[in-house]
Amino acid sequence: MSEITPERVAHLASLARIALTPAEIETLTGELGAIVDAVATVQQVATPDVPATSHPIPLTGGMRPDVPGVTLTTEQALAGAPDHDGSRFRVTAILGEEQ
Amino acid sequence: MSAELSSDLIRSSAADLAARLAAGEVSSVEVTQAHLDRIAAVDGDVHAFLHVNAAALETAAQVDADRADGVALPALAGVPIAIKDVLCTLDMPSTSGSKILEGWVPPYDATVVARLRAARMIPLGKTNMDEFAMGSSTEHSAYGPTRNPWDLERIPGGSGGGSAAAVSAFEAPVALGSDTGGSIRQPAAVTGSVGVKPTYGAVSRYGAIALASSLDQVGPVSRTVLDAALVHDVIGGHDARDATSIPDAWPSMAEAARRGARGDVLKGLRVGVVKELDGDGEGFQAGVRQRFTETLDLLAGAGAEIVEVSAPNFEYAVAAYYLILPAEASSNLAKFDSVRFGLRVEVPGGTVEDVMAATREAGFGPEVKRRIILGTYALSAGYYDAYYGSAQKVRTLIQRDFAAAFEKADILVSPSAPTTAFRFGEKLADPLAMYLNDVTTIPANLAGVPGMGLPMGLAPEDGLPTGLQLMAPAREDARLYEAGAAIEALLESHWGGPLWAQVPALPGSASNGGAR
């Protein structure tokens, strides 16, 4: 059995910055437990002698001439932002009171 | 334009349309109008499109004007195409099926979109998909599911159900899709259409909203193998903006498809049947198995050499995939932070972190949350080696299985999907059941090899399409098109016509398309 508990799901959600509701945490605890048990089968064949593959077709090099390319203007970069002051993204307080 | 002409245009292949446009027999405005009319008539039922391009006719008129002026135009100039909503478009919203990007218009085009514009194709609109391409049914789209044109009560596959439904409902001759674990090939199977996942790195992902970066590939969706090849030639090739893009020169896929349709390339072709995916296993529908066996018999009759190959580690592919994908997705989707683009949910007095968490809670659907949490778990300290690390080792083993199989066979075959289209809601309550739907397609993504899905006939028990998957070694995409076109021709001569012609008429379609 996996070690997926409601407390662990709540902690993972805080790490992933998703404000899950208690009902979602309860549902996900059951679902993730079943999924983790199923995917844990990879450990049956992943023996120490097998190297890991991170990219299916590894490429090296990929140098390009060091010349300026086309970049977004400030206006373009801000066009989809929820809030901005014309030159910067605007957000609420970065630090809470306890910090 | 007469109803007859309109019906004829929407049922034509991209290759035929291109030839008639070049010969001046029809205009791009007529072709585009016929498809827009079809969308207006049937998309209320099918819901393949999230957005229809208001500028399509204007773009078509420019192509017609240039042609009238004698400007040399690319082969597919004036041919309409639908674009999966995962791809960024400067002039249309690009939501990836998510509420968190509702209404977002990107400040740039995906490379593949820029290339189809350069080829003077006509973007018809953006197609529906499971949110961030997470799903096999489009039921996880934040904007409601797409319906299968073969049976409106059933799923069109996913994540690219919108693109597959658009071509099989004659709303577009061709479309673009993306395939991370089968999102092009599985929808092709259940809608009786054609779809190709190219070799990893064969087509640029620049401007494709990333799901799992070591698996994602963009590819063509169509009704014929030649049309897929023509689109592949437009979108493929090196792109310096994608660090995983293969710098090699590629042969013409369209030439490969034409060669395959013409000649006797099946004679002596070594066709490997992957024992672990041969349809005998649990979860494979009897009618899928039957059509697969019949297809193998036809291939043998055409001179192909059928060989059995074993890929013992494919058994672990789904498990490895559902560790690698969530891990990479949890990282890729961190960019939806309520700051630079997309949704922001206000939290009175809250910090930016509170706003971020509330925004992601409101903006992501249940499957996205499930996978982000799973990926965060798989990557956390203390579990990384056991889960993500082990999954990466399985990837190596699957690559070795492919290498061994391709020593015995030129192409590998399997059913594209274990079943025909299932009904809405059937697998929603059980995420694992939904995941197992991709058992046949996932190995190609894990290994980076190209895969093609093409129609394999209707299952006798429910009259719904089944799909044949072909796989070739990495960089051998042309081999897929050559063999695929040959197999398509063989099956169509056996059936007495293409499978897509048997799709039932849709409500609202009158005499315009559908079986007559």
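**Group meeting: chains A and B, helices and contacts**

Just after α8(B), G237(B) takes a positive phi of about 100°. I start there as a small detail, and I will come back to phi later. What you have in front of you is a predicted model.

First, the helix before that glycine. Helix α8 of chain B covers residues 225-235, and 11 of its 11 residues are buried, so the helix is largely enclosed by the rest of the structure. Buried here requires 20 or more other C-beta atoms within 10 Å of the residue's own. The buried residues of α8(B) include nonpolar names you would expect on such a list, V225(B), L226(B) and I235(B) among them. They also include D227(B), H232(B) and D233(B).

Now the two chains together. How many residues of chain B are in contact with chain A? There are 55, and they meet 47 residues of chain A. On the chain B side, the elements that give two or more residues are α11 (317-332), α12 (352-363), α13 (366-378), α14 (385-408) and α15 (431-436). Of these, α14(B) gives the most, with 11 residues. Sorted by class, this side of chain B has 31 nonpolar, 15 polar and nine charged residues.

From chain A, take helix α2, residues 22-39. At 1.5 Å a residue, its 18 residues should span 26 Å, and the end C-alpha atoms are 25 Å apart, which agrees. The buried residues of α2(A) are L28(A), E31(A), L32(A), I35(A), V36(A) and V39(A). An α-helix has 3.6 residues a turn, so residues three or four places apart point the same way. Keep that in mind when you read the numbers in that list. What covers these buried residues includes α1 (6-15) of chain A, and also α11, α13 and α15 of chain B.

One of those partners deserves a separate look. The axes of α2(A) and α11(B) come within 8 Å and cross at roughly 125°. The two helices are therefore oblique to each other. On the α2(A) side the residues are I35(A), A38(A) and V39(A), and they meet A319(B), Y322(B) and L323(B) in α11(B). By class, this contact has six nonpolar residues, no polar and no charged.

Staying with α11(B), we come to the nonpolar core. The largest one has 189 residues, and those touching the most other members are I81(B), A320(B) and L323(B). The largest share of this core, 11 residues, comes from α11(B). In soluble globular proteins, nonpolar side chains tend to be buried together.

What does A320(B) touch, leaving aside its neighbours within four places in sequence? Its contacts are V42(A), A391(B), V394(B), R395(B) and L446(B). I324(B) is also found in helix α11 of chain B. I324(B) counts as buried because 30 other C-beta atoms lie within 10 Å. With the same neighbours left aside, I324(B) is in contact with A212(B), S214(B), L215(B) and A391(B). As for the helix I began with, I324(B) and I235(B) are 89 residues apart in sequence, and their C-alpha atoms are 27 Å apart in space.

For a second helix pair, go to the start of chain B. Helix α1 (residues 3-10) and helix α3 (residues 28-46) of chain B pack at about 90°, with their axes 9 Å apart. These two are therefore roughly perpendicular. S6(B), L9(B) and I10(B) in α1(B) meet E30(B), V31(B), A34(B), H35(B), D37(B) and R38(B) in α3(B). The residues of this contact divide into four nonpolar, two polar and three charged.

Last, the backbone, as promised. Most residues other than glycine have a negative phi, and most peptide bonds are trans. S96(B) is not a glycine, yet it has a positive phi of about 55°. S96(B) sits in the loop between β2 (80-84) and α5 (111-118) of chain B. It counts as buried because it has 31 C-beta neighbours inside 10 Å. F132(B), again not a glycine, has a positive phi of about 50°. This residue is in the loop between β3 and α6 of chain B. F132(B) counts as buried, with 31 C-beta neighbours inside 10 Å.

Where is the cis peptide bond with omega of about 5°? That bond joins G158(B) and S159(B). S159(B) is in the loop between β3 (122-127) and α6 (161-168) of chain B. That is my last item.

Terms used
Residues numbered from 1 in each chain as written. Chains lettered and ligands numbered in written order. Predicted model: local features only at pLDDT ≥ 70, side-chain atom pairs only at ≥ 80, totals over all residues. Contact = placed C-beta atoms within 7 Å. Helix = DSSP H or I, 4+ residues; strand = E, 2+ residues; numbered from the N terminus. Core = buried A, V, L, I, M, F, W, Y, C linked by C-beta atoms within 7 Å. Buried ≥ 20, exposed ≤ 12 C-beta atoms within 10 Å, placed from the backbone. Axes fitted to C-alpha atoms, helices over the stretch in contact; angles between N-to-C directions. Parallel < 35°, antiparallel > 145°, perpendicular 65-115°, else oblique. Expected span 1.5 Å × (residues − 1).
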